[in-house]
Amino acid sequence: MITRARYLSIRSGQSEKPKGEGYSLCVVATAISLIVGCTHAVEDQSQDPSPIEALATRDVPRNPLVDSRARGRQVYHHYCAVCHGAEGRGDGFNSSNLAVTPRDFTNPTFWDQTNDEHVLRAVGNGGAAIGKSVLMPAWGRTLTDVQIRDVIAFLHALAAPVESKSPDTDSPPASK
Ligand code: HEC
């Protein structure tokens, strides 16, 4: 009787004994692998590669960073330039309405003193989240994670020309 009761409880998956659970899991795992195996066999008959294989063999961009900056430029001009300015100097047309001047991204000192994690938090959660002005909005609900990373890659690019031309942070780039 006891043996049969245990057998039934194992069959119905209600056994509290680890051995029983292990057995049930094993059966389920075997069943899944059989089903997956069969599905796969069916797929193999069609000529199309599986989505995973398609991803693995697809041509990927040669320079992901340049791509990211190019996308970031669009995000920036759409959402950020009104305050931070077309060239990132903190002089967008809306800046004169703000009690706090938007960050000048062309200033290398800012980049020397900050890091990507901080900037990520500033952009995603807004100025208040990093102890700065609430006039810097939070973008985490408007932009995707990828868009936020892209726009940050572009912010770095805004600083680069100034850095390469002169260490004097106050003088505008000569060619502009
Ligand atoms: C409504 C105006 C406004 C818009 C739009 C805006 N910002 Fe800002 N942003 C500010 C202001 C103001 C500050 C300065 C906050 C301070 O210094 O207290 C700031 C500061 C920042 C900072 C610097 C934080 C720090 O550590 O000093 C980053 C980075 C930033 N903004 C990124 C962005 C990005 C990226 C966008 C677009 C997705 C954007 N901002 C759009 C107003 C704006």
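# A guided tour from Gly85 to the ligand

Begin by selecting Gly85, which follows helix H4 and has a positive phi, near 90 degrees. The coordinates on display belong to a predicted model, so the tour will also visit the confidence values.

**Helix H4.** Step back from Gly85 and select residues 64-84, which form H4. Measured against a straight helix, how far does H4 span between its end C-alpha atoms? The span is only 25 Å, whereas a straight helix of 21 residues would cover 30 Å at 1.5 Å a residue. Now centre the view on His77, where H4 bends by about 50 degrees.

Next, colour the buried residues of H4: Ser68, Arg69, Gly72, Val75, Tyr76, Cys80, Cys83 and His84. When judging their spacing, recall that an α-helix has 3.6 residues a turn, so residues three or four places apart point the same way.

**The ligand.** Keep Cys80 and Cys83 selected and add Lys132, Ser133 and Met136; these five come nearest to the ligand among the 24 residues around it. Two of the names, Cys80 and Cys83, were already met as buried residues of H4.

Extend the selection to the whole shell around the ligand. Which helix supplies the largest share of the shell? That helix is H4, with five residues. Helix H6, at residues 116-125, should be shown as well, since H4 and H6 each supply at least two residues of the shell. Colouring the shell by class gives 16 nonpolar residues, six polar ones and two charged ones.

**The whole chain.** Zoom out to the protein chain, which has seven helices and zero strands. From the N terminus on, its elements therefore read α-α-α-α-α-α-α. Of its 176 residues, 15% count as buried. Among contacts between residues at least 6 apart in sequence, 43% join residues at least 24 apart.

**Confidence.** Finally, colour the chain by pLDDT. The average is 76, and 55% of the residues score at least 70. Confidence is highest in H6, at a mean of 95, and lowest in helix H2 (residues 18-45), at 51.

Two stretches deserve separate selection. Over residues 15-20 pLDDT stays under 50, and the model has six contacts beyond four places in sequence for them. Over residues 162-169 pLDDT also stays under 50, with 10 such contacts in the model. Where pLDDT is low, the predicted coordinates should not be read in detail.

Definitions and conventions
Residues are numbered from 1 along each chain as its sequence is written. This is a predicted model: local features need pLDDT of at least 70, side-chain atom pairs count only at pLDDT 80 or more; totals for chains, interfaces and linings use all residues. A residue is near a molecule or strand if its C-beta atom, placed from the backbone, lies within 6 Å of it. Helices (H or I, at least four residues) and strands (E, at least two) are DSSP runs, numbered from the N terminus. Ala, Val, Leu, Ile, Met, Phe, Trp, Tyr, Cys and Pro count as nonpolar, Asp, Glu, Lys and Arg as charged, and the others, Gly among them, as polar. A residue is buried if 20 or more other C-beta atoms lie within 10 Å of its own, exposed if 12 or fewer, and partly exposed in between; C-beta atoms are placed from the backbone. Two residues are in contact if their C-beta atoms, placed from the backbone, lie within 7 Å. The expected span of a helix is 1.5 Å times one less than its number of residues. The bend at a residue is the angle between axes fitted to the seven residues ending there and the seven starting there. pLDDT is the predictor's confidence in each residue, from 0 to 100.
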